[in-house]
Every structure is written in structure tokens, then in C-alpha cells.
Amino acid sequence: MNDIPRIIAHRGASVAAPENSISALQRAWMEGADGVECDVRLTSDCQVVCIHDADTERVAERNLSVEAHTYEELAQLDVGLKKSANFKGERIPLLSEWLANVHAGKKVLIELKTGAEILVPLFEVLDAASVALKQIVLITFDLEMVRALKAQRPGLGVYWLIDVKSNWLGRSKLKLADVLDTVVDTNVDGIGLRCHSGINREMVKAILEADIDLNIWTVDDPVDARRYASFGVSSITTNCPEVIRYALQK
């Protein structure tokens with residue numbers, strides 16, 4: 001295989017380090033990732049922070065709602081110890097800190113986990129960051145958010161996320177033709193499909209022929225990764241970038 005998909009580290013190299021942490025981000029570069037993905041939410045004092053869940057129960061020793069607490073309050077929590085004693089003292093990072101650690105030429109996918117209230121503070125962070133805007137891709141499941149992003153910041157890359165298992169091959173039976181019509185309607189730059197056995201070569205070919213990127217998430221099985229790579233997908237998001245890169249380079 002001459003060309004392999006870009007490898008995106010899901011919440012950083014989150015098998016090896018606490019998800020969405022600076023340690024996970026730095027580990028992703030050590031493991032040879034071509035880019036990283038993080039999740040962002042808004043604190044009560046309008047700070048954009050990197051965390052997946054609406055609260056801290058899963059990652060910290062105390063459970064605080066992100067939107068109901070200030071960044072200063074959230075920054076007191078240790079989000080490393082549950083992963084390993086080696087990460088004791090790890091804190092929830094600001095998006096600005098995350099971006100400050102993104103290497104030149106590397107992609108950063110930012111998943112928006114809240115509504116439109118995050119957009120103004122988010123744009124302020126992106127505009128102030130040293131990382132080039134062409135390296136940034138905003139990703140969301142919300143089609144209305146996709147439209148808002150493309151209307152307000154047409155120069156920023158935007159991917160529409162689709163959970164294939166529940167929204168495509170499941171009860172609702174989202175059709176490929178509908179997806180392609182939406183791509184044209186929204187002027188989206190890419191699609192992110194949840195890893196699923198129902199994704200096939202013809203589906204991938206049709207999406208790529210729409211002249212957009214196709215990302216598959218979250219792929220930790222080398223066999224699955226090689227299958228998607230053989231389809232020609234643009235990028236693969238994984239929790240273990242080193243393992244997947246090795247599998248694709250064999």
C-alpha cells in the first residue's frame with residue numbers, strides 16, 4: 001500500500017494517556033500521528049476547555065458539571081489519576097493550551113459538544129492561536145451547526161459526523177443519496193463515519209467522488225484499519241496511533 005490514510009489520534013493517544021489531556025496530545029506526536037482530535041465544551045465563565053463529557057465524573061475524583069463551573073474551579077480537578085498514577089496532577093486543558101502544542105503541518109479536529117453558544121468564544125481562541133487555520137477542522141453531528149459554521153466562517157474546515165450504526169444502517173436508514181445531497185447543500189468539507197462493518201467500498205467511493213474528505217472513527221483494530229485503508233479513506237481516527245500506523249505500513 002503506497003498511500004496510507006492520515007492517522008488522527010482520538011482525544012490524543014488516549015490508550016496511553018488521559019483522554020483530551022496535554023499528555024495525550026504530546027504522546028500522539030511521539031507515536032507518529034498526522035493529527036489529533038479533541039472535544040470542547042464551554043465553562044460557566046465562557047472558557048473553551050477540552051473535555052468529552054458534560055461532567056467530570058468519568059475522568060476525575062469529583063463530579064462537576066462543566067457548564068455550571070468556572071475554569072478555575074474545573075482546573076482544580078485531577079484528571080490523570082484515574083488513568084494512572086504516572087499522570088497524577090493532569091488538569092483539564094484550555095483549548096488554547098491544546099492548540100499551543102499542535103505541531104506545524106499537523107491536523108487538529110475539534111468536536112463541538114455544545115450548542116451555538118460556544119461559537120464566539122471558540123472563534124476568539126482560534127483567531128488568537130499560533131496554529132494555522134488551515135490545520136483546523138471543526139467536527140459536529142449537528143447539521144444546523146454545520147450550516148452555522150460554514151455561514152460564519154467559510155474558510156474553516158468543517159466535517160459532518162454520522163453514526164453509521166444508528167443513523168445509516170439502523171432503523172432510520174439514512175440513504176447515501178441523502179448524505180450526498182446534504183454535502184452539496186451545506187458545502188461541508190468532509191464526513192466522519194463511525195467505524196462499522198456495513199461501510200463498504202462503493203459507499204466510500206461515492207463519498208470521495210463528491211470531492212470531500214472521509215474520516216472513519218474510532219478504529220483500534222488493525223484488521224479494520226487495513227480494510228478502510230484499502231477503500232481509500234482520507235483519514236482514520238484511533239486511540240492508538242502507533243499500533244495503527246504500524247499495521248498500515250506493514
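The structure holds 2 aromatic pairs, and since this is a predicted model, please take each value that I quote as computed from its coordinates.

In one of these pairs, Phe 141 and Trp 217 meet edge-to-face, with 5.8 Å from centre to centre and 85° between the planes. That pair links distant parts of the chain, 76 residues apart, with Phe 141 in the loop between strand S5 (136–140) and helix H5 (143–152) and Trp 217 in strand S8, which covers residues 213–217. As for solvent, Phe 141 has a relative accessible area of 39% and is therefore partly exposed, whereas Trp 217, at 18% relative accessibility, counts as buried, because the cut-off for buried is under 20%.

Tyr 228 and Phe 231 form an aromatic pair that is also edge-to-face, now with 6.4 Å centre to centre and 75° between the planes. Here both residues belong to helix H9 (residues 222–231), where they are 3 residues apart, about one turn of the helix. Tyr 228 is buried, with a relative accessible area of 1%, and Phe 231 counts as buried too, at 14% relative accessibility.

Let me stay with aromatic rings for a moment, but turn to a charge. The ring of Phe 123 has the charged end of Arg 153 sitting over it, at 4.5 Å from the ring centre.

A second arginine deserves a closer description, namely Arg 245, which lies in helix H10, spanning residues 241–249. Is Arg 245 buried or exposed? With a relative accessibility of 16%, Arg 245 counts as buried, because that value falls under the 20% limit. What, then, does the side chain of Arg 245 join in a polar contact? The partner is the side chain of Asp 34, at 2.7 Å. If we leave out residues up to four places away in sequence, Arg 245 touches Ile 4, Ile 7, Gly 32, Ala 33 and, once again, Asp 34.

Finally, the empty space inside the model. Rolling a probe the size of a water molecule over the atoms shows where empty space is left. How many cavities of 30 Å³ or more are there? The count comes to 2, and the largest cavity has a volume of about 70 Å³. Which residues line the largest cavity? Its lining consists of Glu 19, Asn 20 and Ser 21, then Cys 50, Ile 51 and His 52, together with Val 59, Val 79, Ile 92 and Pro 93.

Note on methods
Residues numbered from 1 in each chain as written. Predicted model: local features only at pLDDT ≥ 70, side-chain atom pairs only at ≥ 80, totals over all residues. Heavy atoms only, no water. Helix = DSSP H or I, 4+ residues; strand = E, 2+ residues; numbered from the N terminus. Buried < 20%, exposed > 50% of the residue type's maximum accessible area, 1.4 Å probe, protein only. Polar contact = N/O pair within 3.5 Å; in protein donor to acceptor, adjacent residues only side chain to side chain. Contact = heavy atoms within 4.5 Å. Phe/Tyr/Trp six-rings, centres within 6.5 Å; stacked < 30°, edge-to-face > 60°. Lys NZ or Arg CZ within 6 Å of the ring centre and 35° of its normal. 1 Å grid on protein atoms, 1.4 Å probe; cavity = no way out; pocket = protein on both sides within 12 Å on 5 of 7 lines; lining within 4 Å. Points joined across faces, edges and corners; volume = space filled by probe spheres on them.
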